[in-house]
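Biologist: Before we begin, could you put the structure up for us, and then take me through it slowly, one question at a time?

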Amino acid sequence: MQKPKIAEQHLMVLRQRAAMRAVHQGIRQAEQAGNIFRKRDLETKLRFMRSELSECFRNLRKAGWK
């Protein structure tokens with residue numbers, strides 16, 4: 001019997017989440033430095049990354065991942 005493929009453990013998802021953590025850290029650093037423009041840019045990037053991650057999950061579920 002095969003183990004179910006879990007989407008949370010897929011390499012693509014893990015990489016995306018690691019990149020999102022790095023962006024979060026950049027947002028905190030920009031906030032501490034008082035650089036509002038950099039913070040806004042990073043927040044926009046994070047929004048796009050979240051939509052990419054949800055698309056990734058949709059595609060994995062279509063491919064049979066749980």
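Biologist: Lys-39 and Glu-43 both lie in helix H2, so what separates them along the helix, counted in turns?

Modeller: I should say at the start that this is a predicted model, and that what I report is computed from it. Lys-39 forms a salt bridge with Glu-43, and the closest N and O atoms of the pair are 3.8 Å apart. Because the two residues are four residues apart in helix H2, the separation between them is about one helical turn.

Biologist: Which residues are linked with one another in a network of salt bridges?

Modeller: In general, side chains of opposite charge can pair when their charged atoms come close. Here the side chain of Lys-39 meets that of Glu-31 in a salt bridge of 2.9 Å, N to O, and Lys-39 also forms a salt bridge with Glu-43. The network therefore links Glu-31, Lys-39 and Glu-43.

Biologist: Is Lys-39 buried, partly exposed or exposed?

Modeller: A residue is called buried when its relative accessible area is under 20% and exposed when that area is over 50%, with partly exposed in between. Glu-43, with a relative accessible area of 31%, is partly exposed. Lys-39 has a relative accessibility of 21%, and so Lys-39 counts as partly exposed.

Biologist: The structure holds three salt bridges, so which residue does Glu-8 meet in a salt bridge?

Modeller: Glu-8 counts as partly exposed, because its relative accessibility is 40%. Its partner in the salt bridge also counts as partly exposed, at 30% relative accessibility. The side chains meet at 3.2 Å, N to O, and the partner of Glu-8 is Arg-17.

Biologist: Turning to the interior, which helix gives the most to the largest nonpolar core?

Modeller: In soluble globular proteins, nonpolar side chains tend to be buried together. The largest nonpolar core in this model has twelve residues, among them Ala-7, Val-13, Ile-27, Leu-42 and Phe-57. Helix H1, which covers 11–33, and helix H2, which covers 36–62, each supply at least two residues of this core. With seven residues, the helix that gives the most is H2.

Biologist: How far apart are the end C-alpha atoms of H2?

Modeller: The helix has 27 residues, and at 1.5 Å a residue these should span 39 Å. The distance in the model agrees with that expectation, because the end C-alpha atoms of H2 are apart by 39 Å.

Biologist: Is Leu-60 buried or exposed?

Modeller: Leu-60 is found in helix H2, and what covers the buried residues of H2 includes H1. Not counting residues up to four places away in sequence, Leu-60 touches Ala-7, His-10, Val-13 and Trp-65. Its relative accessibility is 6%, which means that Leu-60 counts as buried.

Biologist: How far apart in space, C-alpha to C-alpha, are Leu-60 and Glu-8?

Modeller: In sequence, Leu-60 and Glu-8 are 52 residues apart. The neighbourhood of Leu-60 also includes Ala-7 as a contact. From C-alpha to C-alpha, the distance between Leu-60 and Glu-8 in space is 9.8 Å.

Biologist: Finally, is Gln-16 buried or exposed?

Modeller: Gln-16 has its place in helix H1. Leaving aside its neighbours within four places in sequence, Gln-16 is in contact with Met-49, Glu-52 and Leu-53. Since the cut-off for a buried residue is under 20% relative accessible area, Gln-16, at 18% relative accessibility, counts as buried.

Definitions and conventions. Residues are numbered from 1 along each chain as its sequence is written. This is a predicted model: local features need pLDDT of at least 70, side-chain atom pairs count only at pLDDT 80 or more; totals for chains, interfaces and linings use all residues. Side-chain values use heavy atoms; hydrogens and water are left out. A nonpolar core is a set of buried Ala, Val, Leu, Ile, Met, Phe, Trp, Tyr and Cys residues joined through side-chain atoms within 4.5 Å. Buried means under 20% relative accessible area, exposed over 50%, partly exposed in between (1.4 Å probe, protein chains only). The expected span of a helix is 1.5 Å times one less than its number of residues. Contact means heavy atoms within 4.5 Å. A salt bridge is a side-chain nitrogen of Lys or Arg within 4 Å of a carboxyl oxygen of Asp or Glu.
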